[in-house]
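Visitor: Could you pick out one loop with its aromatic surroundings and take me through it closely? After that, I would love to hear how it fits into the wider model.

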Protein chains: 2
Amino acid sequence: MTEQRFVTIRGKRFHWIWLRDHCLCPQCRHSSSFQKVYDLSEAPSTPEPLSIKEVGDELQIIWAGDPPHYSTYPISWLLSLAYDNETSDDDKSETKKYLWNLAELEQYAPIWSDAITDISENWFHQLRELGFSLVQNLPSQELEAFILSIGPIYHKFRYGPFSKSQAIPNAQDLSQSAEGYALLPHTDSSFLYDSQRMVEYFYCVENQARGGESILVDGFKIAKDLQEENPEVYQILSETPVEFRHLHRNWEYYFRRKTPIIKLDINNDDIFGIYFSHKNFNHPLVSFEKMESFYDAYSTLLRYLKSPKYQYCFKLMPGDLLVFQNFRILHGRNAFVANSGHRELTVAYQSWDYFSGRHNFRNLKNLYSAESMFLKKD
Amino acid sequence: MTEQRFVTIRGKRFHWIWLRDHCLCPQCRHSSSFQKVYDLSEAPSTPEPLSIKEVGDELQIIWAGDPPHYSTYPISWLLSLAYDNETSDDDKSETKKYLWNLAELEQYAPIWSDAITDISENWFHQLRELGFSLVQNLPSQELEAFILSIGPIYHKFRYGPFSKSQAIPNAQDLSQSAEGYALLPHTDSSFLYDSQRMVEYFYCVENQARGGESILVDGFKIAKDLQEENPEVYQILSETPVEFRHLHRNWEYYFRRKTPIIKLDINNDDIFGIYFSHKNFNHPLVSFEKMESFYDAYSTLLRYLKSPKYQYCFKLMPGDLLVFQNFRILHGRNAFVANSGHRELTVAYQSWDYFSGRHNFRNLKNLYSAESMFLKKD
């Protein structure tokens, strides 16, 4: 008979090797950072318990060795990490996404948070649900502090923390074209590998131009609809790598990135991100035989993105701050009339890591007795 | 008979739809940014040529429409993008990687570039081949300019552009532990989604402590060796998502990221990156039945990483700058004796995007007559 190298706690099985690796004692975890120090590859063989006891809310194990090693685990913490008959994934703290087309968004009725009177952080909650949020009445001198309260600002190219979106002559990007071109809904930085999970901030400094309304589209919603209505298009867009490029003559960069437009997560069961920018699209990496079907799929996506059914349109006014997940929400604009008035947005980027990291931290006390006990210890 | 919607140029077939989408004229591409403006989804049907002619080194097409549209393509440029009987992938400019264990590294004999006398950018070339490079005699006041000459510095947490690696009390990371712990070879930021392709800089300010030698290991080499010597371990490590975590009490973050340790590229035929940090490792996302094999694979990886066969060890001295790809090279250190002398490194991060973007730019004139003609036009 095969030896059973696990113990069953309240109906959930935990392997000895897993338990030994998860020991929480100050010898196995560095005391002030709580990081793992114990190195399981140094053990001569699979760890073996001399005794296993449930004492109150704790599991106590004495491991064979010279000297023996003592481990204590809060049982509620163990159960939160159980992997028996389920893949361990304690992301219960994740906010449920609300996917939207225009009608569904109107039903949800997004609120514009007031930067001065609203300290409830509704905007943070809405950002997680809708993929974007709107704040108004933010004085320009408070913009940087507002963003830094979440985390550091991502510096892009040579802009420093902030860049400007405004019409300029000899623009190196269509978004700054003096002609006031319309922009199809797109994600920014499609040509950079290190910007896959960024939040983007648009702060309106001035908007006197005729036209130039902002457009937002929920890329996750369109992907889900494509999956139902055009499964073969969804398959092509999620399986075909394409290349996005950006040439910056003045700063001497030629950026190129390969990615599927609809990028699935590790287990291929959820969408990780949408990456799409027609102005930066170069070519798909497919064989001759598949080229025409790819272009069919690409055109279908463009038609969805341009459909009023999905587009939320509004005009940003001075003091307005639009915040959106650049890996879910595609943004665009209507054309504006060149020289009809000044239009200037301040743009900043920030990793979604800092939003989710802060959110996880706040939820910590509800989730992990071990880490939260550690947090409370001083 | 099915209509043939392509044309054959010097033995390579190009679809009409592909050619129409790749039109280079100022109506289809924005003049100063060279970005695509033409929207193929607006066409009523598949574009149809009225005439196709080779004239000298150019292909000239007149497209049906009212009015007709004229496209001209340099043939050498078309051929560089050919996708007939091959997947279009003109990355011929990519430097071939030299994977190394210690013996192979000694054979390669990496050079230490001198920051003052060596202006050849050998360090840049070596970084692409070996995954790391070494520069010496860099005055500390020139560090920032050196890094900014490539691109912007990534701001992490609240450090600003630079953080310090030194022993401090109550450290929030093992690397700063007052005890001078050894560090197993690891990649930094394993718990962040937006730092998958970063270059890391270690600038040595002072190194008086006994011990604390730097260790570098080529993760791509180990992955290749695992694939040959332990294919089942390679398979587990490249297919199993694991979760890395980092708790920052003072700044109120709890970062969590899911990724395979060996991450393959889109086509699963090459390694995209290695992500591994034992101190931040939390758990694999596998079923009960696969848990023990995962831990076996994990231990095997640790044994490879710790083997002297793979480790390049050296001691950084003041003025030395170590630059490495944090997605290929794992770095670690020997323990150092606490209070035996001051040890201080200045640490900075930068996206690999800026290295490859600059490299692509320099190669542009050899590769794409269309873009390079565009570059030369003013």
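**A loop and its rings**

Guide: Glu252(B) has its place in the loop between β12 and β13 of chain B. This is a predicted model, so please read every value below as computed from it. Glu252(B) is not a glycine, yet its phi is positive, about 60 degrees. That deserves a second look, because most residues other than glycine have a negative phi. How open is Glu252(B) to the outside: buried, exposed or in between? With a relative accessible area of 38%, Glu252(B) falls in the partly exposed class, since that class runs from 20% to 50%.

The loop that follows β12 (241-248) and leads to β13 (253-260) in chain B holds Trp251(B) as well. Trp251(B) forms an aromatic pair with Phe157(B), with 6.0 Å between the ring centres and 65 degrees between the planes, an edge-to-face arrangement. Phe157(B) comes from the loop between α5 (143-148) and β8 (163-165) of chain B, so the pair links parts of the chain that are 94 residues apart. Both Phe157(B) and Trp251(B) are buried, whereas Glu252(B) is partly exposed.

Now turn to chain A, where ring pairs build a cluster. Its members are Phe157(A), Tyr159(A), Phe191(A), Trp251(A), Tyr253(A) and Phe255(A), together with Tyr354(B) from the other chain.

Across all chains, the whole structure has 69 aromatic pairs. One of them joins Phe124(A) and Phe355(A): the ring centres are 5.6 Å apart and the planes meet at 65 degrees, so this pair is edge-to-face. Phe124(A) belongs to helix α4 (residues 122-130) and Phe355(A) to helix α9 (residues 352-367), both of chain A, so the contact ties together parts 231 residues apart in sequence. Phe124(A) is buried, at 3% relative accessible area, and Phe355(A) is buried at 1%.

Some rings have a charged partner. Arg29(A) lies over the face of Phe34(A), 4.4 Å from the ring centre. In chain B, Arg13(B) lies over the face of Phe6(B), at 5.7 Å from the ring centre.

Strand β8, which closes the Phe157 loop in chain B, has its counterpart in chain A, and there Ser165(A) lies in β8 (residues 163-165). Ser165(A) is buried, with a relative accessible area of 13%. Setting aside residues up to four places away in sequence, Ser165(A) touches Ser175(A), Gln176(A), Arg333(A), Arg343(A), Glu344(A), Leu345(A) and Val347(A).

How are the two chains related? Chain A superposes on chain B by a rotation of 180 degrees with 0.0 Å of shift along the axis, at an RMSD of 0.0 Å. That is the relation of a two-fold axis. Within chain A, Asp194(A) has the C-alpha nearest this axis, at 2.7 Å. Both copies use the same surface, as 100% of the contact residues of chain A recur in chain B.

Nonpolar packing gives another view. The largest nonpolar core has 206 residues, and those touching the most other members are Leu19, Phe132 and Tyr201 of chains A and B. Beyond its neighbours within four places in sequence, Leu19(A) contacts Val7(A), Phe14(A), Leu59(A), Ile61(A), Trp63(A), Tyr73(A) and Leu78(A).

Glu252(B) is not alone in its backbone angle. Ala109(A) has a positive phi near 55 degrees and is found in the loop between α3 (102-108) and β6 (112-114) of chain A. Ala109(A) is partly exposed, at 46% relative accessible area. A separate backbone feature is the cis peptide bond joining Asp66(A) and Pro67(A), with omega about 0 degrees. Pro67(A) lies in the loop between β4 (58-63) and β5 (69-74) of chain A. The bond from Asp66(B) to Pro67(B) is cis as well, with omega near 0 degrees.

To step back to the whole chain: chain A has 10 helices and 20 strands, and it is divided into domain 1 (6-90) and domain 2 (102-359). The C-alpha centres of those two domains lie 44 Å apart. Of the 378 residues of chain A, 60% count as buried. Among its contacts between residues at least 6 apart in sequence, 71% join residues at least 24 apart.

Note on methods
Residues numbered from 1 in each chain as written. Chains lettered and ligands numbered in written order. Predicted model: local features only at pLDDT ≥ 70, side-chain atom pairs only at ≥ 80, totals over all residues. Heavy atoms only, no water. Domains from an automatic or database assignment. Least-squares fit on C-alpha atoms with pLDDT ≥ 70 in both. Contact = heavy atoms within 4.5 Å. Core = buried A, V, L, I, M, F, W, Y, C linked by side-chain atoms within 4.5 Å. Buried < 20%, exposed > 50% of the residue type's maximum accessible area, 1.4 Å probe, protein only. Phe/Tyr/Trp six-rings, centres within 6.5 Å; stacked < 30°, edge-to-face > 60°. Helix = DSSP H or I, 4+ residues; strand = E, 2+ residues; numbered from the N terminus. Lys NZ or Arg CZ within 6 Å of the ring centre and 35° of its normal.
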